[in-house]
Amino acid sequence: MSCNVDFYYFTVSPPSRAVWMTLEELGIKYNEHIVDISKGEHKTADYKKISFRQKVPAIKDGDLCLAESRAIAAYLVSEYGAQQKKQYLYPQESKLRAKIDQHLYIGENIFDQIQAYVNVGGVLFRGEKTRLEKVDEAKAALGSIEFMLEDHAYTAGDKLTIADFFYYIAIQLLSLTDFDEFDKFPKVVEWKKKMQSLPYHKKTCDEPMTKFRQYYQHVLSSKKE
Ligand SMILES: N[C@@H](CCC(=O)N[C@@H](CS)C(=O)NCC(=O)O)C(=O)O
């Protein structure tokens, strides 16, 4: 079946990358539209028609314009998962789906806990630093994921689901910093290796995050007294 999804994203944006991983994992065709938020490309009237809050990511699929990364990932699997034999990414059965939904909501908190430490906005736009005093929040987030992985290979069970993508983009924020306590979270380390072996990891994660780290570190070092 042909597919006509338009994907609006910015490569270094974490929620964009979770949707990007979902599209790649589904293996459907999509048209890429880079919206460079550093140049204000999301502030146009045309983009407002796609995403009324003018944020990335967003998609257009036929008449449907959709924003919010978790809603987009869930929709894409609901719409294309069966045809691609990948329904397990966001199962239809209500109890299984409820569990994934639970993880998607928890994922927002986990992201915020890690972001409290990494302080992307503060570092890039307000002359601030990595909030080293918040490292325990980041470690608490990693501890929650370690607990999820106690009995199974992926965060929500034995199979990869979209919940993994959203936890992963949160964890990856730590790669901007010099955080070096992953050895305290061996299950997370194992799971990270599985995520790193995904065939689209280089394109959706390594390349953008390397660029992002260089920029974050460059801004930090240019602020050092
Ligand atoms: N909750 C939204 C967050 C989207 C979001 O904040 N995107 C950022 C980039 S990571 C953005 O578009 N920022 C531009 C702005 O807010 O003006 C989602 O998960 O999609």
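Here are three short exercises on this predicted model, each with a worked solution.

Residues are numbered from 1 along each chain as its sequence is written. Local features need pLDDT of at least 70 and side-chain atom pairs count only at pLDDT 80 or more, while totals for chains, interfaces and linings use all residues, and side-chain values use heavy atoms, with hydrogens and water left out.

**Exercise 1.** Work out which strands pair with strand 3, and in what sense.

Start with the terms: strands are DSSP runs of E with at least two residues, helices are runs of H or I with at least four, and both are numbered from the N terminus. Two strands pair if DSSP finds at least two bridges between them.

Next, take strand 1 (residues 5–9): four bridges join it to strand 3, and the two run antiparallel. Strand 4 (residues 64–67) also pairs with strand 3 (residues 58–61) in the antiparallel sense, over four bridges.

Now go residue by residue. Lys-60 is the bridge partner of Asp-6, and Lys-60 also stands opposite Cys-65 in strand 4. Asp-61 has Leu-64 as its partner in strand 4. Finish at the turn: two residues separate the strands of this hairpin, and Gly-62 there takes a positive phi near 65°.

**Exercise 2.** Find the backbone oddities in the loop between helix 2 and strand 3.

First, the yardstick: most residues other than glycine have a negative phi, and most peptide bonds are trans.

Then check Gln-54, which lies in this loop. Gln-54 isn't a glycine, yet its phi is positive, about 55°. Move on to Pro-57, in the loop between helix 2 (45–50) and strand 3. The Val-56 to Pro-57 peptide bond is cis, with omega near 5°.

**Exercise 3.** Describe how the protein surrounds the ligand.

Begin with the shell, meaning residues with a heavy atom within 4 Å of the ligand. Among them are Ser-13, Ile-37, His-42, Lys-55, Val-56, Pro-57 and Glu-68. By class, the shell has four nonpolar, three polar and three charged residues.

Then pick out the polar contacts (pairs of N or O atoms within 3.5 Å). A ligand oxygen atom is 2.6 Å from a side-chain N or O atom of Lys-55. For His-42, a polar side-chain atom lies 3.0 Å from an oxygen atom of the ligand. A ligand nitrogen atom is 2.8 Å from a side-chain N or O atom of Glu-68. Last, the cover: the ligand alone exposes 510 Å², and the protein buries 72% of that (Shrake-Rupley method, 1.4 Å probe).

Methods. A polar contact is a pair of N or O atoms within 3.5 Å; within protein, one must be able to donate a hydrogen and the other to accept it, and residues adjacent in sequence count only if both atoms are side-chain atoms. Ala, Val, Leu, Ile, Met, Phe, Trp, Tyr, Cys and Pro count as nonpolar, Asp, Glu, Lys and Arg as charged, and the others, Gly among them, as polar.
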